[in-house]
Amino acid sequence: MSEQSPDEVVPEVVAPQVMGRHLDRQDGVEKVTGEATYAVEHPVEGDLLHAWLVTSTVARGRVVRVDASAALEHPGVEAVLDHESAPRLADTEDRELAVLQDDRIGFRGQVVALVLATSSEAAREGAALVAVHQDAEAHEAAFAPGSATYAPEEVNAGAETDTVDGDPTAALAAAPVVVDAVYETPHEYNSPMEPHAATALWDGERLTLHDSTQGVHPVRATLAPLLGLEPEQVRVLAPYVGGGFGSKGLPHAPEVAVALAALSVPGRPVRLAVTRQQMFALTGYRTATRSRVRLGAEPDGRLVALRHDAESQTSRIKEFAEQTATAARMMYAAPHRATTHRVAELDVAVPSWMRAPGEMPGMYAHEVAMDELAVATGVDPIDLRVRNEPEVDPETGNPFNDRRLVECLHRGAELFGWAERPEGVRARAEGDWWVGTGVASATYPMLWMPGNGARVRSVEGGRYEVAIGAVDIGTGARTVLLQVASDALGCPPEAIDLLVADSELPFATVAGGSSGTSSWGTAIAAAAQQFRADHGEHPDPGVATTATSGQYADMSGHSLHSFGAVFAETHVHRWTGEVRVERLLGVYSVGRVINPTTARSQLLGGLVMGLSAALHEEGWRDPRFGHTVTQDLATYHVAAHADVRDLRAEWLEEEDHLSTPMGSRGIGEIGIVGTAAAIANATHHATGVRVRSLPVTADHFLDLPALAPEPAGKA
Amino acid sequence: MDVDLTLTVDGAERTVAVDTRTTLLDALRERLGVTNPKKGCDHGQCGSCTVILDGRRHLTCLTLAVAHEGAEVVTAGGLRGADGALHPVQQAFLDHDGFQCGYCTPGQVCSAVGVLDEVRAGHRSHVTEDLEADPELTDDEIRERMSGNLCRCGAYPGILAAVRQAGGAA
């Protein structure tokens, strides 16, 4: 067998044969039967131990003493680790990941001990029996208007903290029409159905981790140096992952905890399943945001100035600055513009990525403000957006790849029946329900991550093995990457064995930022094309090529973005204020859709999560104690089946060869962007009540009968 | 304290020692290695652990194993036919891509089987318009009856179409 050395290869365009068509989801049978094995479902060899986390009950302070005596007397409990007995980490700079390394408590719900037992029942009971003596210090956990804030050095995804073009202050002062309002989004929790979990085994030389993660290589890259190990000593596998939506994009404290536990019991596998309740403190969340948006416009709706000043909060132990205002930098033409981000530092759990960080809360604020401008100017909301189309990216001055927002708006308007929309508010009623429609734009950047590699090997019988460490968290990556490999190699998908989700395979970046297919697919294209160049069309069995992809995407010459338009019809009950989303439509420009089946599911899933944010999701923190009160699925509401009614996702036919050799862009996140704004705007159209904070709950509409004349009946 | 328990799981008789604190879900997953039912919340809030217990859909996280001596449990794995063929509900989930990550799916599938049985047996629901007539498998009935099974991937439109197909509705 010959093997080429890994070189950076920039692939050529891949001609579509299998791409663009339906291919059955490759792991469907395993999933509908329950035979797919998730992180704590892998059979283990050896004497299994169950781990249970003990967490702090003060928001700030120190652990004085961990009294494990009662726990250790409980049958089945074998060990209790605390900050004095746990193995030492080689690096404790990241305070979220410095688990059990010292006595400091940075937030309520932080890991302060860990119980190992022979059954999960014993581990759980043991955890309840651990007495943690804590010294409480004064803490601050309320994110309120007027909270002290600071300007971070940069915001998430490496974006600039503040930007200014022209003189927005003067332009706003002189603008004939001004919208100036504050929009708020609450703490939101990713809440994938599979709680964060891992099975770890330390055999004395190597740590093997079956993890529930969006990236096996990123977990290895974080854990190995933390544990003082070489990367080769850590193997991470994630064949099936029960959703993530960002919360499994970065390793969090539980992964460190289970690794420490495994190190403490060489040769014994350790399983840790984080409880649903613990997830609300330990696995990241979308911080609440507060956005002051100011739009200055001509009477015809053309923007002359805009400002988006965004505040969010983070943990004092680790900074995460939501990039709430970045979409405002590129969305619409306005000669004078400014954006700022400020962060309040609190004694709270560490926020992190949740589906479309930045764009989701930011576009909610921006697109409701645009709706307010439409009302203020009397311009149709679609026309208003069309009038503010920029010719080039207002932020960079670069041309867009192919900005098709206007086509999305117009196609959506046609499919939705926008032309029949009455102009005024409270113009239509059906029985006891006020009916309204709303629209919002969506956008998401095309992201490509460097460093991805893939290996192509020929095997007996004219078959190929294609390998990359990418993880399918439910996106359909297993299926879509097979389609890419098939077209890149010029052979049917049935002739390819695709290996994924193992850090032993070529390096793959995170399934996040809607960058997975773009980044991994580009690497597979590179490896497949290099394989053909090395070994021809009829390779001997056993020959292989490994390649790392160079940058294909034209990220410096063009501004690469996806766009969409979301339309909602809401019904608001005139007596109870109940809000129902009767129709929701998204029309997207996302490059080539590689698999229409899995793509539609992802876009619909984004719309559902946007609907969920619009109507339900609201994490409540009690600032007196610093904990999340709504820490389960009975109190932190996510959309259930009956909440979702007529739902539709469509896309424009296109191929984007500035972004990827497949002609595709990412689709994982754009579905959630703008959705809550479209719904909020529709409730305004239905009722005349403007809701500027999520979720759009019934109490906002309780005064409706007093505001409104009797509905005239069916419109 | 451990107690011996005999269950029929997916057609096979199994005897297992359980702690009196062991839920039926943990007895299946951790003691018998039957991981087809999933644990999403452990509090009866998500539906991922749904199985067919003695002929009815049931949340296995909300019941203690010791209460079910002699019970018959059918998980999503046990819905396959003798030849391994998929159950019509499972095939319908594949046909309509009624899932993404797959974690809630075995529970959704078991719940759907239960829903179809319940509608056939004439059980009314919160949204049944005419309580005097036999319920029909309308979209609203499916949505309502499937609402105990959360899907964070948001596959509800596919699940709806799948249940509709498996139930023979238009």
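User: If two strands are said to pair when DSSP finds at least two bridges between them, over how many bridges do β3(A) and strand β7 of chain A pair?

Analyst: This is a predicted model, and in it strand β3 (residues 61–67) of chain A is also joined to strand β5 (residues 104–105) of chain A, antiparallel, by 2 bridges. One residue pair on the β5(A) side is Arg62(A) with its bridge partner Arg104(A), while on the β7(A) side Gly61(A) stands opposite Ala136(A). Between β3(A) and strand β7 (residues 131–136) of chain A the sense is antiparallel, and the number of bridges is 6.

User: In the open sheet of chain A with the order β17-β18-β23-β24-β27, which strands stand at the edges?

Analyst: The sheet is open and has 5 strands with mixed pairing. An edge strand has a single partner, so one side of it is left without a neighbour in the sheet, and the strands to which this applies are β17 (429–430) and β27 (646–651) of chain A.
The partner of β27(A) can be followed further: strand β24 (residues 579–589) of chain A runs parallel to β27(A) and is joined to it by 6 bridges, with Leu585(A) standing opposite Arg648(A). The edge strands asked for are therefore β17(A) and β27(A).

User: What is the average twist from one strand to the next in the sheet β2-β1-β5-β3-β4 of chain B?

Analyst: The pairing in this open sheet of 5 strands is mixed, and β2 and β4 (56–59) of chain B stand at its edges, so each has one side left without a neighbour in the sheet. From one strand to the next, the twist averages 45°.

User: Which residue of β5(B) stands opposite Val9(B)?

Analyst: Strand β1 (residues 2–9) of chain B pairs with strand β5 (residues 72–74) of chain B in the parallel sense, over 2 bridges. Within this pair of strands, the residue that stands opposite Val9(B) is Val73(B).

User: At about what angle to β3(B) does helix α3 of chain B run?

Analyst: Two helices of chain B can be placed against strands of that chain, and one of them, α1(B), lies across β1, β2 and β5 of chain B and runs at about 105° to β2(B). The other, helix α3 (residues 105–120) of chain B, lies across β3 (50–53) and β4 of chain B, and its angle to β3(B) is about 40°.

User: Is Thr20(B) buried or exposed?

Analyst: Thr20(B) sits in the loop between β2 (12–19) and α1 (24–31) of chain B, and, its neighbours within four places in sequence left aside, it is in contact with Met1(B), Val3(B) and Val66(B). The C-alpha atoms of Thr20(B) and Leu64(B) are 7.4 Å apart, although these positions lie 44 residues apart along the chain. A residue is exposed if 12 or fewer other C-beta atoms lie within 10 Å of its own. Because Thr20(B) has 12 C-beta neighbours inside 10 Å, it counts as exposed.

User: Which element gives the most to the side of chain A that touches chain B?

Analyst: The contact takes 47 residues from chain A and 48 residues from chain B. On the side of chain A, the elements that give two or more residues are α1 (28–33), α3 (120–129) and α14 (596–615) of chain A. By class, that side has 21 nonpolar, 17 polar and 9 charged residues. The element that gives the most, with 7 residues, is α14(A).

User: How many residues of α14(A) are buried?

Analyst: At 1.5 Å a residue, the 20 residues of α14(A) should span 28 Å, which agrees with the 28 Å between its end C-alpha atoms. The helix is largely enclosed by the rest of the structure, because the number of its 20 residues that are buried is 17.

User: What phi does Gly688(A) take, just after α15(A)?

Analyst: Helix α15 (residues 675–687) of chain A has 13 residues, which at 1.5 Å a residue should span 18 Å, and its end C-alpha atoms are 19 Å apart, which agrees. The helix is mostly covered, with 13 of its 13 residues buried. Just after α15(A), Gly688(A) takes a positive phi of about 80°.

User: What distance separates the centres of domain 1 and domain 2 of chain A?

Analyst: Chain A is divided into domain 1 (7–36 + 449–549), domain 2 (49–137 + 191–282) and domain 3 (289–297 + 304–446 + 557–707). Contacts link 15 residues of domain 1 of chain A with 19 residues of domain 2 of chain A, and the domain 1 side divides into 8 nonpolar, 5 polar and 2 charged residues. Taken over C-alpha atoms, the centres of domain 1 and domain 2 of chain A are separated by 33 Å.

Conventions:
Residues numbered from 1 in each chain as written. Chains lettered and ligands numbered in written order. Predicted model: local features only at pLDDT ≥ 70, side-chain atom pairs only at ≥ 80, totals over all residues. Helix = DSSP H or I, 4+ residues; strand = E, 2+ residues; numbered from the N terminus. Contact = placed C-beta atoms within 7 Å. Pairing = 2+ DSSP bridges. Axes fitted to C-alpha atoms, helices over the stretch in contact; angles between N-to-C directions. Expected span 1.5 Å × (residues − 1). Nonpolar A, V, L, I, M, F, W, Y, C, P; charged D, E, K, R; others polar. Domains from an automatic or database assignment.
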